[in-house]
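Work through the following exercises with the sequence and the coordinates side by side, and try each task before reading its solution.

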Amino acid sequence: MYSTNSNQQVLEAIGKLSEQQIQIVLQFIQSLQPKKISNQNSTTFDPLANFVGAINHGNLAQQIDQDLYE
């Protein structure tokens, strides 16, 4: 994936950083790694998911433009 030369350059650059800068780099690297999902079969309950598209029908959408711009 990465060449040994690139790895060596990264290690040399990190070696020149302060401890605080190394912590920042480590946090950044961790943010780049994909998040692991503990249980892919479980779904999280999202109460707003039931309302997606609700403005297309029902009382919520009736005269919405007039109500917003009065």
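The exercises below go from the whole chain to single residues.

This is a predicted model, in which local features need pLDDT of at least 70 and side-chain atom pairs count only at pLDDT 80 or more, whereas totals for chains, interfaces and linings use all residues. Residues are numbered from 1 along each chain as its sequence is written, and side-chain values use heavy atoms, with hydrogens and water left out.

**Exercise 1.** Determine which helix of the protein chain has the highest confidence and which the lowest.

*Solution.* Begin with the elements: the protein chain has three helices and zero strands, where helices (H or I, at least four residues) and strands (E, at least two) are DSSP runs numbered from the N terminus. Next take pLDDT, the predictor's confidence in each residue, from 0 to 100; its mean over the protein chain is 76, with 59% of the residues at 70 or more. Confidence is highest in helix 2, at 91, and lowest in helix 3 (residues 64–69), at a mean of 71. As a caution, predicted coordinates should not be read in detail where pLDDT is low.

**Exercise 2.** Place Ile 29 and Gln 21 in their helix, and decide whether each is buried, partly exposed or exposed.

*Solution.* Ile 29 belongs to helix 2 (residues 19–32), and Gln 21 lies in helix 2 as well. Buried means under 20% relative accessible area, exposed over 50%, and partly exposed in between (1.4 Å probe, protein chains only). Ile 29, at 38%, is therefore partly exposed, and Gln 21, at 39%, is likewise partly exposed.
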